[in-house]
Amino acid sequence: VAIDELQPIKPRYKVVDVLVGEPRCDSLISQDEEDPLGLWQENFKQFRDIKANGPSSVGIDLSLHGFTNVYGLPEHADSLRLKDTSGSEPYRLYNLDVFGYKINRRLGLYGSVPLLVAHKPDRTLGVFWLNASETLVDLQYSNHEEGDNGPTVKWSRLSPETNVSWVSESGQIDCFLLLGPSPAQVFSQYAQLTGYQALPPLFSLGYHQCRWSYDDEEDVKSVDAGFDLHAIPYDVIWLDIDHTERKRYFTWDSKLFPNPIDMQLHLQRKKRKLVVINDPHIKADPHWPFFFAARDGHHFVNDRDGNVYYGTCWPGNSCYLDFSSSRTRSWYASQFSFDKYKGSTESLFVWNDMNEPSVFNGPEQTMPKDAVHCGGWEHRDLHNLYGFFQHMATVEGLITRSGGLERPFVLSRSFFAGSQRMGAIWTGDNIATWEYLKISIPMLLSLSITGIHFSGADVGGFWQDPDPELLVRWYQAGALQPFFRGHSAKQTKRREPWLFGDTVTSAVRSAIQQRYYLLPYWYTLFHLAHTSALPPLWVEFPKETETFIMDNQYMIGSALLACPVTDPGVTEVKVFLPGSDEVSLKFYGGGTLTLPVTLETVPLFQRGGTVVSRRTGCGSCTAELQLHPFTLTVALASEGNAEGMLYLDDGHSFNYRDKKQFSLRTFTFSFFTFSHYISYCTVSMMSKFHLVALYSAVQLKKAISSQMANWSLWSFWGKRKLTSNLL
């Protein structure tokens, strides 16, 4: 559905660069009555918003008949299933810098994806509202009687429905209805519109160590050595704003980081990487060549009077790059070339923060809505796209830097629909409490539903100091989530994993090591997410209504079910094992299992009928994974069969795409015979495989109970018995 005005005062903004494909449809045109005022203005605290083009809001009301479970609309620190907003605040989509955001609230956070997904046992559909201005979404779940208005209706029934109201401040009505009918088809239809998840370089799926900030080069080398000393694998160390010369991005503090290339070469020799921060605000320093090049090149956002807009952020008085301009994005991307970004190497990658954008002295700590971008568009029209555009420009800069050969890694705090094409995002400035650990799971599941699979939360909490038990549980949870980074503010105590005593060090080491063992499975999942949608828990079990409201456990792909421990002092957890419709109820079925846990254990189950690829060891980083053979863990279904996949490529280049250089293997176990075939392979990637025998469903039933007979308990931190070898 596309609706625009016939004779608007000014053309309405149409979102660009988000869609990669668009179905053919007819446009509808409406004509509003002329606004006799001609000019509106709105006051917010000490700020005045001049609406030069008058009122311009658009909206649509939809009734989703038969649906009482809807999801999506990130980013909010709230439950996975969206709540009824009758008589309360709507879900707000307006990207903001919200430090220590409150839990169970519907106010806007760092990013926005205006996709809503509705599900019932026999149908799934999606509503994609393509609008980048401030948007409010109201939901009302209802049951009403049908069939009591006359003899023409032969029967009466309760018909549930969900009423959805979308209202955006400006822009066009541009609404896509994704008809499914299956969950996977809805996700595929959405991905065909906005793109699939980018295939990340393998190192970025390892563990990342970050802090605001590591003090200097010696501090970086000391932390790096600490991981080796304590035999904890990691791949990337990060530098925050204090590594720069007076908060000027693309620079290095000459006293603290006098030899940045030598520091990166030190990391390279250990096959590790460096990530540095690069924010969108530019220090207003007329003696800095970068600033006056951006100013003289007209690359900054203007105020409503046509002058360069000035706001306050980390450097103090700052200007903001206008990433909505393709010309500015190209200029910014060119700044990452080695000849311009002095002190950078091919092992340096980038982190975009504060890109909502954050303006310390602005309304709601962001840019005024009447600021003006290229083409004369007001900021109100494209606010939620600002971080998306910076993310896009940074990714293009790293790709161009490598001559188009190497995959980039760029983390962004702000995002919009389509951000999955660029890389990773995270859930922002969380707090070191059990409540924030618990809420991180539904927040990440909501992102996954909207196609953004490469996401994570700051392990340990960004603000405040976690107690040792919380820190361990957060590492265990983070190891079972796509993006895995420990991060903390400089006002907190140092938090390297070996600073809390041997017990904590051992538990954290084990969690990180197990993450590395599972990287072949994770990497295969990202291959699948890169070419098709990667569904969450209820999508795998669409008819099991118990899963519709669950957000404390989830699927990792289609083979593993994870239930991280998110409460303090627990000695047992309850895990729901779905899948009662997959096997004969006479012997097997889903149910709730009570499982004992210790500080060293986390419930992880492998689904019957699957084969999961792991590595037998991990070394010190992902580059050393190839030194270890694969382990194939087979969990038999009730019929005695199992199947799994393994994707391999060089882990860093675009050769998988441009030269089709990759290997895709399928493993099957059927009729007591284990076999594998290579469905696609253009490079030699021969490896040694170990086959691991797990209990079959029948053996599990005899050993424990029929409740978990279709699931094999994966003692995540335990050892395996190798029963045979495959070459």
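**Exercise 1. Placing Ser112**

In which loop does Ser112 lie? Work with the predicted model, and then decide whether Ser112 is buried or exposed.

Solution.
Step 1. Find the strands on either side: Ser112 is in the loop that runs between β7 (91-93) and β8 (115-120).
Step 2. Take the relative accessibility of Ser112, which is 1%. Buried means under 20%. Ser112 therefore counts as buried.

**Exercise 2. The surroundings of Ser112**

Which residues does Ser112 touch, not counting residues up to four places away in sequence, and what does its side chain reach at 3.5 Å?

Solution.
Step 1. List the residues that Ser112 touches under that restriction: Pro74, Glu75, Leu93, Tyr94, Asn95, Asn384, Phe415, Phe416 and Ala417.
Step 2. Look at the side chain of Ser112 and the backbone of Tyr94: the side chain reaches the backbone nitrogen of Tyr94 at 3.5 Å.
Step 3. Turn to Asn95: its side chain and the side chain of Ser112 make a polar contact at 2.6 Å.

**Exercise 3. Helix α5**

Which residues of helix α5 (residues 326-334) are buried, and what covers them?

Solution.
Step 1. Pick out the buried residues of α5: they are Thr328, Arg329, Trp331, Tyr332 and Ala333.
Step 2. Look for the elements that lie over these residues. The cover includes two helices, α4 (289-296) and α7 (386-401), and the strand β19 (348-352).

**Exercise 4. The largest pocket**

What is the volume of the largest pocket, and which element gives the most to its lining?

Solution.
Step 1. Read off the volume of the largest pocket, about 930 Å³.
Step 2. Go to its lining, which has 40 residues; Leu202, Ala623, Asp650, Gly651 and His652 are the closest to the pocket centre.
Step 3. Sort the lining residues by type: 19 are nonpolar, nine are polar and twelve are charged.
Step 4. Find the elements that each supply at least two lining residues: α7, α11 (519-531) and β31 (642-648) do so. Of the elements, α11 gives the most, with three residues.

**Exercise 5. The whole chain**

How many helices and strands are there in the chain, and what share of its residues is buried?

Solution.
Step 1. Count the elements: the chain has 14 helices and 36 strands.
Step 2. Take the 727 residues of the chain; 60% of them are buried.
Step 3. Consider contacts between residues at least 6 apart in sequence: 74% of these join residues at least 24 apart.
Step 4. Add the surface: the accessible surface of the chain is about 28,200 Å², and carbon and sulfur atoms account for 54% of it.

Notes: Residues numbered from 1 in each chain as written. Predicted model: local features only at pLDDT ≥ 70, side-chain atom pairs only at ≥ 80, totals over all residues. Heavy atoms only, no water. Helix = DSSP H or I, 4+ residues; strand = E, 2+ residues; numbered from the N terminus. Buried < 20%, exposed > 50% of the residue type's maximum accessible area, 1.4 Å probe, protein only. Polar contact = N/O pair within 3.5 Å; in protein donor to acceptor, adjacent residues only side chain to side chain. Contact = heavy atoms within 4.5 Å. 1 Å grid on protein atoms, 1.4 Å probe; cavity = no way out; pocket = protein on both sides within 12 Å on 5 of 7 lines; lining within 4 Å. Points joined across faces, edges and corners; volume = space filled by probe spheres on them. Nonpolar A, V, L, I, M, F, W, Y, C, P; charged D, E, K, R; others polar. Areas by Shrake-Rupley, 256 points an atom, 1.4 Å probe, with all protein chains shown as cover.
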